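Here's a walk through one protein chain for someone meeting it for the first time. Have a look at the model, then read on.

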Amino acid sequence: MAAIKRSRTKTNFRKKRPPQTFTFVQNVLTEMALYPLVFTTPKVTLALFLAQLNKTITSYNKHIHGSELETDTFEVDYEALMQMLYDQADYVDDIADGRRAVILQSGFEAVTDDRTTHKNDESYKQGVSGQVKAVLKARNGATGYVWQYCVYDALGEQVWILADVTKYAKYNFNGLIAGTKYMFRYSPVINNTMSDFSNPYVMIVT
């Protein structure tokens, strides 16, 4: 059996514009409130994180059309918010211990170490925005592959959608919503019969 890829928390916050960062922090705060068992002893408490977010949004709005002093104030506030993100990402890495599901449950994004191969020889990688590329090791006797992805309805229930049926062991999921958490799975078709679906693979699409 091939080794499982080691997931770790993505810390590309510097690449985001301030409004994107604010939305990202809000998502982390939402997950902190929903999953207190994940954030039992976080490096940054929910209350402190929320207070800094609100403070930074206020100073950002003032700096847009404000003075040099207001811009300086925003830069100080924004740097403090970024440091909280880095500190919290370190905490998530510690508790996740390579478990991608825990990282995603925390509201952060996960990356994987490509130096190893994924369990069951399957790979899901981010393509262009809104696209996920799935590549499998061809299954013996398989004449096709059924691909599905999961969305959530208004009640939070899982809804699996048929994406396509292909002859080859690869498929590009297109038209996905960036910033949304999805689950993906597949079923090899052997002797004109669908096999059991694979365990769902969870990732946030960018």
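## Two asparagines in a loop

Asparagine 192 is exposed, because its relative accessibility of 75% is over the 50% cut-off. You'll find asparagine 192 in the loop between strand 8 and strand 9. Its backbone has a quirk, too: phi of asparagine 192 is near 60°, a positive value in a residue other than glycine.

Asparagine 191 sits in that loop as well, which links strand 8 (181-190) to strand 9 (193-194). Asparagine 191 isn't a glycine either, yet it has a positive phi of about 55°. Is asparagine 191 buried or exposed? With a relative accessible area of 67%, asparagine 191 is exposed.

## The chain as a whole

Keep in mind that this is a predicted model. The chain's mean pLDDT is 86, and 93% of the residues reach 70 or more. Among the elements, strand 7 (residues 170-173) has the highest mean pLDDT, at 96, while strand 2 (residues 110-112) has the lowest, at 78. One stretch to treat separately is residues 114-118, where pLDDT stays under 50. For those residues the model has 13 contacts beyond four places in sequence.

How many helices and strands are there in the chain? There are 4 helices and 10 strands. Reading from the N terminus, the order is β-α-α-α-α-β-β-β-β-β-β-β-β-β. In other words, a strand comes first, the helices follow, and the rest of the run is strands.

As for dimensions, the C-alpha atoms fill a box of roughly 70 × 35 × 35 Å along the principal axes. The chain has 206 residues, and 39% of them count as buried. If you take the contacts with a separation of 6 or more, 64% are between residues 24 or more positions apart.

## How the helices pack

Start with helix 2 (residues 46-64) and helix 3 (residues 68-96), whose axes are 8 Å apart. They pack at an angle of about 150°. That angle is over 145 degrees, so helix 2 and helix 3 count as roughly antiparallel to each other. Their crossing is left-handed. Many residues take part: among them, Leu48, Phe49, Leu53 and Tyr60 on the helix 2 side, and Phe74, Tyr78, Leu81 and Leu85 on the helix 3 side.

Glutamine 52 makes a good close-up of this meeting place, as its home is helix 2. Glutamine 52 is buried, because its relative accessible area of 12% is under the 20% cut-off. Beyond its neighbours up to four places away in sequence, glutamine 52 touches Asp77, Ala80, Leu81 and Met84.

Helix 3 also packs with helix 1 (residues 18-34), at an angle of about 40° and with the axes 12 Å apart. Helix 1 and helix 3 are therefore oblique to each other. This crossing is left-handed. Pro18, Thr21, Phe22, Phe24, Val25 and Met32 make the contact from helix 1, and Phe74, Tyr78, Leu81, Met82, Leu85 and Gln88 make it from helix 3.

## A close-up on the strands

Now over to glutamine 148, which lies in strand 5 (residues 142-152). Its relative accessibility is 12%, so glutamine 148 counts as buried. Which side chain does glutamine 148 join through a polar contact of 2.7 Å? The partner is arginine 185.

Arginine 185 has plenty of company around glutamine 148. Leaving out residues up to four places away in sequence, glutamine 148 touches Trp160, Ile161, Leu162, Ala163, Phe173, Met183, Phe184, Arg185 and Phe197.

One of those partners, leucine 162, is found in strand 6 (residues 158-166). Leucine 162 counts as exposed, because its relative accessibility is 52%. Setting aside neighbours within four places in sequence, leucine 162 is in contact with Val146, Trp147 and Gln148.

Leucine 162 also offers a way to relate this part of the model to the helices. The C-alpha atoms of leucine 162 and leucine 85 are separated by 36 Å, and the two residues are 77 residues apart along the chain. Leucine 85, for its part, is one of the helix 3 residues that meet helix 2.

Conventions
Residues numbered from 1 in each chain as written. Predicted model: local features only at pLDDT ≥ 70, side-chain atom pairs only at ≥ 80, totals over all residues. Heavy atoms only, no water. Buried < 20%, exposed > 50% of the residue type's maximum accessible area, 1.4 Å probe, protein only. Polar contact = N/O pair within 3.5 Å; in protein donor to acceptor, adjacent residues only side chain to side chain. Contact = heavy atoms within 4.5 Å. pLDDT = per-residue confidence, 0-100. Axes fitted to C-alpha atoms, helices over the stretch in contact; angles between N-to-C directions. Parallel < 35°, antiparallel > 145°, perpendicular 65-115°, else oblique. Left-handed = near helix turned anticlockwise from the far one by under 90°.
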